[in-house]
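Thank you for sending this entry; my comments are set out below as numbered points, to be read alongside the sequence and the structure.

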Amino acid sequence: MSIIEPFISDLDESQQEIVRLAREFAQKEIAPYAADWDREKRYPEAVMRQLAELGFFGMRVPEAFGGLGLDTLTYLLVLEELATADAATSITLSVHNSLPVSMLTAHGSDAQKQRWLPAMAKGEVLAAFSLSEAGAGSDAAAVRALAVRDGDQWVLSGEKAWVTNGDRANLLVMLLRTDSPESRLGHRGMTMFLVPSDTPGVVSGKPEDKMGLRSSGTTTVALHDVRLSGEHVLGKEGEGFRYALQALDLGRMGVAAQAIGIARASLEHAVRYGAERQQFGKPIKDFQAIRFKLADMVSRISASRALLSETARAVENGMRVTERASMAKLFATESAMWVTNQAVQVYGGYGYMRDYPVERLFRDAKVTEIYEGTSEVQRIVIARGLYPK
Ligand code: CAA
């Protein structure tokens with residue numbers, strides 16, 4: 001086994017099998033096409049259907065609702081394998097599973113779970129999580145989009161931003177203000193809603209033109225007096241902000257796994273290229289300048305994975321892992337940016353060209369330091385943990 005890959009021999013047979021299945025599928029059906037999807041900004045519809053057949057849309061859906069019910073570590077290792085082939089495919093499934101599936105499982109009524117989870121497990125329903133707005137990025141509690149009661153209905157208005165899967169999600173799990181302008185309740189004035197995207201008045205904008213993850217659709221979602229019944233409130237009124245931050249613990253771990261996959265792919269390319277590329281009469285891997293870079297790259301990837309695995313074990317032991325999840329995301333994503341930058345450097349001039357894979361990996365790595373909480377937000381969360389109230 002290569003020292004670049006995760007050590008999985010201590011997992012049980014079924015866990016190992018699913019990680020291997022993800023690796024084989026990712027390398028055979030995804031990796032060879034990812035550059036084309038990126039260039040053409042094309043969502044890989046057929047591959048997503050195959051991933052649904054393999055059960056990967058239901059990785060975190062409990063078995064009782066038709067999902068795989070994977071433990072945290074196996075789930076993250078699958079996301080890493082997918083990201084090694086294509087970071088955009090990985091985030092589509094990470095957002096769907098870590099955020100909407102988790103929130104429905106934790107806070108949904110029986111009827112809501114029955115309605116959504118089996119279809120989400122089969123991939124018939126793709127879900128998005130919608131929190132951010134133009135004026136509410138890092139300051140998530142500054143949400144302005146509203147839900148106002150009208151008899152036994154709610155009327156939703158406002159505009160959400162940067163919604164991953166926003167162009168094709170069937171279900172939007174959305175955080176909205178439910179307090180009134182006369183009595184603002186801060187983060188306790190927000191409620192989570194289950195918004196089917198085909199409800200009249202829900203309008204997705206055109207996909208953003210992004211630096212990376214170009215085959216995954218990121219859009220605005222506007223709400224024009226959208227009418228929903230009370231059955232669409234998820235959990236308790238006023239608890240939405242807490243539900244969001246709670247789910248983001250796993251979301252951030254998913255992004256860490258994605259970053260590890262991106263970094264690993266760039267290292268694998270750099271190692272191969274180092275052995276092929278000849279300069280000054282020998283392969284560049286024989287120069288210490290290159291060897292030391294590669295050694296640092298693999299060490300940072302392994303350290304990221306070790307931190308993430310420890311956090312996953314803590315989740316399985318029922319611990320709240322907020323600060324650990326932030327540490328894992330911070331370290332893995334900043335490492336991914338560093339590692340992909342080194343990979344471009346190993347490739348030299350070729351690394352700067354779109355024809356070579358490390359250029360895309362470098363672009364894809366950047367967003368991992370931004371979404372699901374910037375590196376700066378992760379540092380706020382971690383530092384708060386050092387001075388608990
Ligand atoms: N689990 C459970 N509860 C939690 C929690 C967690 N992990 N974190 C916080 N809470 C609770 C707190 O205990 C508090 O509860 P009380 O009301 O009982 O006191 C409440 O939630 C509010 O928490 P804070 O006081 O910490 O809230 P804050 O306003 O100070 O948060 C912040 C500040 C940490 C910067 C937060 O706003 C934040 O994380 N911002 C970043 C937002 C973000 O990550 N956005 C990502 C968008 S989603 C996305 O990118 C997905 C995608 O499509 C890829």
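The points that follow take up the ligand site and then one residue, Met103.

1. The model is predicted, and the remarks below should be read with that in mind.

2. The shell around the ligand holds 24 residues, of which Thr164, His187, Arg242, Arg252 and Arg384 come nearest. By class, the residues of this shell divide into nine nonpolar, eight polar and seven charged.

3. Where does the ligand lie with respect to domain 2 and domain 3? Because domain 2 (128-237) and domain 3 (242-386) both give residues to the shell, the ligand lies between them. Among the helices, α7 (240-276) and α11 (375-386) each supply at least two residues of that shell, and α7 gives the most, with seven residues.

4. Three polar pairs deserve a look at the atomic level. A polar backbone atom of Ser138 is 2.8 Å from a nitrogen atom of the ligand, while a nitrogen atom of the ligand also lies 2.9 Å from a polar side-chain atom of Thr322. On the oxygen side, a polar side-chain atom of Arg188 is 2.8 Å from an oxygen atom of the ligand. Taken alone the ligand exposes 1100 Å², and the protein buries 80% of that.

5. Is Met103, which has its place in helix α5 (residues 87-107), buried or exposed? Met103 counts as buried because its relative accessible area is 1%, under the 20% cut-off. Leaving aside residues up to four places away in sequence, Met103 touches Gly108, Phe129, Val173, Met192, Leu234, Tyr243, Ala244 and Ala247. Asp139, by comparison, is 36 residues from Met103 in sequence and 21 Å from it in space, C-alpha to C-alpha.

Notes
Residues are numbered from 1 along each chain as its sequence is written. This is a predicted model: local features need pLDDT of at least 70, side-chain atom pairs count only at pLDDT 80 or more; totals for chains, interfaces and linings use all residues. Side-chain values use heavy atoms; hydrogens and water are left out. A residue is near a molecule or strand if one of its heavy atoms lies within 4 Å of it. A polar contact is a pair of N or O atoms within 3.5 Å; within protein, one must be able to donate a hydrogen and the other to accept it, and residues adjacent in sequence count only if both atoms are side-chain atoms. Accessible areas come from the Shrake-Rupley method with a 1.4 Å probe; for residues, only the protein chains shown count as cover. Helices (H or I, at least four residues) and strands (E, at least two) are DSSP runs, numbered from the N terminus. Ala, Val, Leu, Ile, Met, Phe, Trp, Tyr, Cys and Pro count as nonpolar, Asp, Glu, Lys and Arg as charged, and the others, Gly among them, as polar. Domain bounds come from an automatic or database domain assignment. Buried means under 20% relative accessible area, exposed over 50%, partly exposed in between (1.4 Å probe, protein chains only). Contact means heavy atoms within 4.5 Å.
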